[in-house]
Amino acid sequence: MIATRPARPVRALLLTSIAAVGVSACAGASAQNRTASTPRITQAEAQQGAQANQQILQEFGGAMTGPQASYVESVGKGIAIHSGLGNARDSFRVALLNSSVNNAFAIPGGYIYTTRQLVGLMNNEAELAGVLGHEVAHVAARHAQRRQQTAQRNSILGALGSILSGVLLGNSGLGRVLGQGIQQGSQLLTLKFSRSQELEADQLGQQYLTRAGYDPHAMATVLASLALQNRLDSQLQGRNSAQVPAWASTHPDPASRVASANQRAGRTAGMTNRDTFLTRIDGLLYGDDPKQGVIEGQQFIHPDLQLAFTAPNGFYMVNGTTAVSINGQSGQAQLTMGRYGGSLENYIYDVFRQIAGQNAQIQPSPVRRTTVNGIPAAYATARANTGNGQVDVTVFAYEFARDRAYHFQAITAAGRSGVFNPMFGSMRRITSAEASRVIPRRLDVVTVGPRDTVQSLASRMAYTNAQLERFRVLNGLKASDRVTAGQKVKLVVYAR
């Protein structure tokens, strides 16, 4: 979730991502020509990436260090050589991010990022090379620059509306609600372009895999695992996992994307380096890092900040490095922090000013003081007009020290803000003993014994629910697949 000081969100930077953006339907010849004569990374691009890099690292949990991070960097630089970019090994920067979200992305200048959670979902080195190659392709094809130019050309207002809502309300979905009316005019014009970029990055990434001697089918298997993980997450969180229509999403349909990758790979074979990969990621932190807070069922608990709250029934939470978001059909909220000078009233009005931006129509009510479980607190609400009607925005803040405060910012349909009242009232301090009981999870790579089965191995997973489903998705196993003695598999265990 959040650290002990507020982080600045990534601003007008267009990221390209394997999990959060789409892939391109460019013709094979076009992609081939692109790699045959790809210009090297320019000094201007390198400076642009360097300026954004530190902010991105702060926003996404920081870059991990040690043997696992070095291994990911080595694979990434190795695949970058095959992009056609001059001096690619030295030009690229590959970071393993301390984030529990499944994602990978790139920014101009050769900066490539993948989260430890996504690496933990992979099952061989070829899949890692495929994901990193996909991101290298975004850089080589200058996708971020082309997307930015297209967004500006289609609608400056639409681009600014999208950036504004993302900055103020994070990536929890709140910004999409407030910014939807502004964005719709330009969104459909730019989405097709983003999907085509993603398909092109898949295609180029597979070409890099083949040139490096990897099995190009790995692009399909990692995409399939990601789709299965997203589906499992939806089921565990009780949310609708229905696929967004292709014409209204930057994500190409997962099934067609996997099928296309398999078709392009054809009968080409190559190395996967499965055992090497599993050995190198053994012990990798998995799930929430207690330093960022952890989600257990409906409760969020942060042992370092010594706070906890409970999300309402029917809502699910997503933990980030600077905020934790709470999502449901009847509303969305986010817990984060801001700069605090000792006045809850000023703090709340500052938050509303950030939310409003240039929209003077958002006028909060007078701040009301209260106490929540012994914690000084205050709150205010405002009604805002959006393209989909009126919404209520609530800011509920808590003073944990004279120089430290946290706040929920929540949005619901007009008149429905009370849905979050139980959550606002659940905020509490935790004891040192309670904080000490929060234990992180990690990957444990084990060798299957002669008496082991999928069921017996799954029972060792450090979860109280869906152990079998989690084990299968984690290891890329279908419902009919079995394990054999001598095979290596991943478990998630407590890091005691």
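Two strands pair if DSSP finds at least two bridges between them. By that rule E12 and E13 are paired, because five bridges join these antiparallel strands. The legends below describe close-up views of a predicted model.

**Figure 1. The whole chain, with its 17 helices and 18 strands.** Of the 496 residues in the chain, 53% count as buried. The accessible surface is about 21700 Å², and carbon and sulfur atoms hold 48% of that area. Among contacts with a separation of 6 or more, 70% are made by residues 24 or more positions apart.

**Figure 2. An open sheet of seven strands.** The strand order is E9-E10-E11-E15-E14-E13-E12, and the pairing is antiparallel. Strand E9 (316-319) and strand E12 (368-372) are the edge strands, and each pairs on one side only. From one strand to the next, the twist averages 20 degrees. Strands of a sheet pair through backbone hydrogen bonds, either parallel or antiparallel.

**Figure 3. Helix H13 on the seven-stranded sheet.** H13 covers residues 344-356 and packs on the sheet. The helix touches strand E11 (331-337), E12, strand E13 (375-386), strand E14 (389-401) and strand E15 (404-413). The direction of H13 makes about 145 degrees with that of E14.

**Figure 4. The hairpin of E9 and E10.** Four residues join E9 to E10. E9 and strand E10 (residues 324-328) are antiparallel and pair over four bridges. Which residue of E10 is the bridge partner of Asn-319? The partner is Val-324.

**Figure 5. Hairpins at the E12 side: E12 with E13, and E13 with E14.** The hairpin of E12 and E13 has two residues between the strands. Asn-373, in this hairpin, takes a positive phi near 50 degrees. Val-372 stands opposite Ile-375 of E13. E13 and E14 also form a hairpin, with two residues between them. These two strands pair in the antiparallel sense over ten bridges. Arg-383 has Asp-392 in E14 as its bridge partner.

**Figure 6. The largest nonpolar core, with 65 residues.** Val-119, Leu-128 and Phe-471 touch the most other members of this core. Helix H6 (residues 125-140) gives the most to the core, with nine residues. Apart from neighbours within four places in sequence, Phe-471 is in contact with Val-454, Leu-457, Ala-458, Met-461, Leu-477, Val-489, Lys-490 and Leu-491. A second, separate core has 45 residues, including Val-351, Ile-355, Ala-356 and Ala-380.

**Figure 7. The crossing of helices H6 and H10.** Two packed helices are described by the angle between their axes and the distance between the axes. The axes of H6 and helix H10 (residues 218-237) come within 8 Å and cross at roughly 90 degrees. Angles of 65 to 115 degrees count as roughly perpendicular, so H6 is roughly perpendicular to H10. On the H6 side, the contact is made by Ala-126, Glu-127, Gly-130, Val-131 and His-134. On the H10 side, Ala-218, Met-219, Thr-221 and Val-222 take part.

**Figure 8. An open sheet of three strands, with helix H12 packed on it.** The order is E5-E17-E18, with antiparallel pairing. Strand E5 (285-286) and strand E18 (488-494) stand at the edges with a single partner strand each, so one side of each has no neighbour in the sheet. Two bridges join E5 to strand E17 (residues 441-447), and the two run antiparallel. Leu-285 stands opposite Arg-442 in E17. Helix H12 (residues 274-281) touches E17 and E18, and its direction makes about 15 degrees with that of E18.

**Figure 9. Two loop residues with a positive phi, Asn-273 and Gln-306.** Most residues other than glycine have a negative phi. Asn-273 is not a glycine, yet its phi is positive, at about 55 degrees. This residue lies in the loop between helix H11 (254-265) and H12. Is Asn-273 buried or partly exposed? A residue counts as buried under 20% relative accessible area and as exposed over 50%; Asn-273 has 28%, so Asn-273 is partly exposed. Gln-306 lies in the loop between strand E7 (299-302) and strand E8 (307-310). Phi of Gln-306 is positive, near 55 degrees. With a relative accessible area of 30%, Gln-306 is partly exposed.

Methods:
Residues are numbered from 1 along each chain as its sequence is written. This is a predicted model: local features need pLDDT of at least 70, side-chain atom pairs count only at pLDDT 80 or more; totals for chains, interfaces and linings use all residues. Side-chain values use heavy atoms; hydrogens and water are left out. Axes are lines fitted to C-alpha atoms, for helices over the stretch in contact, and angles run from 0 to 180 degrees between N-to-C directions. Contact means heavy atoms within 4.5 Å. Buried means under 20% relative accessible area, exposed over 50%, partly exposed in between (1.4 Å probe, protein chains only). Accessible areas come from the Shrake-Rupley method with a 1.4 Å probe; for residues, only the protein chains shown count as cover. A nonpolar core is a set of buried Ala, Val, Leu, Ile, Met, Phe, Trp, Tyr and Cys residues joined through side-chain atoms within 4.5 Å. Angles under 35 degrees count as roughly parallel, over 145 as roughly antiparallel, 65 to 115 as roughly perpendicular and the rest as oblique.
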